[in-house]
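Hi,

Here is the structure for you to look over. My notes on the ligand site follow below it.

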Amino acid sequence: MEYQELIEKAVEVSKNSYSPYSKFAVGACLLTDNGHVYSGCNFENSSFGLTICAERNAVGSAIAAGDKKIKAIAIYSPNSEYCYPCGACRQVLNEFKSENGLDVITTGKSGLKVTTLDELLPEGFNL
Ligand code: THU
């Protein structure tokens, strides 16, 4: 799976975002070690704190399918130059990063940047 395909799926799923309060749509698509992909979008709630980010929605789908090793994730928002994962999502991704690390591909109105989770979250918390 090329990163371009992950980006295309992230763009596609962002169209399903439920974000009437922030009006900030996000789509994420991740790739696991075994080559499977899982998508998610953000969905908000009248009780704002219950909002779920696109990244964590995608991670939940991977976990539910039994895939716990994530090697890459593409994140897209039509409302942002580059959409980086929030701090909470970085920590959630840290829990399921593959042995070889986790590439983070951010996209938006401006283009594309590739970084790693270790760069975005040095010394993530582990029990
Ligand atoms: N959001 C995400 O989906 N992912 C992030 O990493 C940052 C924020 C969503 C949550 C909320 O629905 C909207 O973007 C504005 O914060």
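By class, the shell around the ligand holds 7 nonpolar, 3 polar and 2 charged residues. Keep in mind that this is a predicted model.

The names, for your selection: Ser 22, Phe 24, Val 26, Asn 42, Glu 44, Thr 51, Cys 53, Ala 54, Glu 55, Tyr 84, Pro 85 and Cys 86 surround the ligand. The charged members of that shell are Glu 44 and Glu 55. Its polar members are Ser 22, Asn 42 and Thr 51.

Now the polar contacts. Asn 42 places a polar side-chain atom 2.9 Å from an oxygen atom of the ligand. Glu 55 also uses its side chain: a polar atom there lies 2.7 Å from a ligand oxygen. Cys 86 uses its backbone instead, with a polar atom 2.9 Å from an oxygen atom of the ligand. Each of these pairs counts as a polar contact because the cut-off is 3.5 Å.

How much of the ligand does the protein bury? Taken alone, the ligand exposes 370 Å², and the protein buries 79% of that.

On to the pocket. The ligand sits in the largest one. That pocket holds about 170 Å³ of space. It is lined by 13 residues, and those closest to its centre are Phe 24, Val 26, Asn 42, Cys 53 and Ala 54. By class, the lining has 8 nonpolar, 3 polar and 2 charged residues.

Asn 42 is worth displaying in both views: its side chain has a polar atom 2.9 Å from a ligand oxygen, and Asn 42 is among the residues closest to the pocket centre.

Best wishes

Definitions and conventions
Residues numbered from 1 in each chain as written. Predicted model: local features only at pLDDT ≥ 70, side-chain atom pairs only at ≥ 80, totals over all residues. Heavy atoms only, no water. Near = heavy atom within 4 Å. Polar contact = N/O pair within 3.5 Å; in protein donor to acceptor, adjacent residues only side chain to side chain. Areas by Shrake-Rupley, 256 points an atom, 1.4 Å probe, with all protein chains shown as cover. 1 Å grid on protein atoms, 1.4 Å probe; cavity = no way out; pocket = protein on both sides within 12 Å on 5 of 7 lines; lining within 4 Å. Sits in = over half its atoms within 2 Å of the grid points. Points joined across faces, edges and corners; volume = space filled by probe spheres on them.
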